Amino acid sequence: VSSAARCAAVSSEARAVPCGGDAGAAMQAALRIDCFAALAPGQQLERWAYEVDAAPADGEVDVEITHCGVCHSDVHQIDNAWGVAQFPLVPGHEIVGRVIAVGPGVARFQVGDRAAIGVQRNN
């Protein structure tokens, strides 16, 4: 299953979204995100889906994920150990992949570039 992330290419307020599908889905009005999520604190992960705009917005890029780390901070978030988690929660960060689409105003990345995304805010 391929996955993708959308992130801001130039902003520290980046947004990442793991998903299923392929690069051709970006031609549709909405992109369906198939993933695993905890729907409430302490729950097991289960299949979940949501939609985002098909094309990346100004300053964003879409990244097809090849590798994604899940670490103990994700477990803390799933359990809401710090009292700040928002649910549904899709764990995983420290993402590596290839750029599959770029939004307007993106000059630093091109389709086909390798990209890495660290811990994100406002996911």
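Which element of the chain has the lowest mean pLDDT, and which the highest? Strand 1 (residues 3–8) has the lowest, at 50, and helix 1 (residues 72–78) the highest, at 93. The legends below follow this predicted model from its overall layout to single residues.

**Figure 1. The whole chain holds 1 helix and 6 strands.** From the N terminus, the order of elements is β-β-β-β-α-β-β. The chain has 123 residues, and 35% of them are buried. Its exposed surface comes to about 7,200 Å². Carbon and sulfur atoms supply 51% of that surface. Take the contacts between residues at least 6 apart in sequence: 57% of these join residues at least 24 apart.

**Figure 2. Confidence varies along the chain, from a mean pLDDT of 50 in strand 1 to 93 in helix 1.** The average pLDDT of the chain is 79. A score of at least 70 is reached by 74% of the residues. Residues 8–27 form a stretch where pLDDT stays under 50. For this stretch the model has 60 contacts beyond four places in sequence.

**Figure 3. The largest nonpolar core has 9 residues.** Its members are Val 61, Val 63, Ile 65, Ile 95, Val 99, Val 106, Phe 109, Ala 115 and Ile 117. Three strands each supply at least two of these residues: strand 4 (60–69), strand 5 (93–102) and strand 6 (114–117). Strand 4 gives the most, with 3 residues.

**Figure 4. Asp 74 is a buried residue of helix 1.** Its relative accessibility is 7%, so Asp 74 falls in the buried class, which ends at 20%. The side chain of Asp 74 reaches the backbone nitrogen of Gly 92 at 3.1 Å. Gly 92 is also among the contacts of Asp 74 beyond four places in sequence. The others are Gly 69, Pro 91 and His 93.

**Figure 5. Arg 32 and Asp 34 meet in a salt bridge.** The N to O distance between the two side chains is 2.6 Å. A search of the whole structure finds 1 salt bridge. Asp 34 is partly exposed, because its relative accessible area of 37% lies between the 20% and 50% cut-offs.

**Figure 6. Gly 112 sits in the loop between strand 5 and strand 6.** At 38% relative accessibility, Gly 112 counts as partly exposed. Gly 112 and Arg 98 are 14 residues apart in sequence. In space, their C-alpha atoms are 5.6 Å apart. Leaving out residues up to four places away in sequence, Gly 112 touches Arg 98 and Val 99. Val 99 is also a member of the largest nonpolar core.

**Figure 7. Leu 45 lies in the loop between strand 2 (30–37) and strand 3 (46–53).** Leu 45 counts as partly exposed, at 39% relative accessibility. Which residues does Leu 45 contact, leaving aside its neighbours within four places in sequence? They are Phe 36, Ala 37, Ala 38, Ile 78 and Pro 91. Pro 91 is in contact with Asp 74 as well. Leu 45 and Leu 89 are 44 residues apart in sequence, with their C-alpha atoms 8.9 Å apart in space.

Terms used:
Residues numbered from 1 in each chain as written. Predicted model: local features only at pLDDT ≥ 70, side-chain atom pairs only at ≥ 80, totals over all residues. Heavy atoms only, no water. pLDDT = per-residue confidence, 0-100. Helix = DSSP H or I, 4+ residues; strand = E, 2+ residues; numbered from the N terminus. Contact = heavy atoms within 4.5 Å. Core = buried A, V, L, I, M, F, W, Y, C linked by side-chain atoms within 4.5 Å. Buried < 20%, exposed > 50% of the residue type's maximum accessible area, 1.4 Å probe, protein only. Polar contact = N/O pair within 3.5 Å; in protein donor to acceptor, adjacent residues only side chain to side chain. Salt bridge = Lys/Arg side-chain N within 4 Å of Asp/Glu carboxyl O. Areas by Shrake-Rupley, 256 points an atom, 1.4 Å probe, with all protein chains shown as cover.
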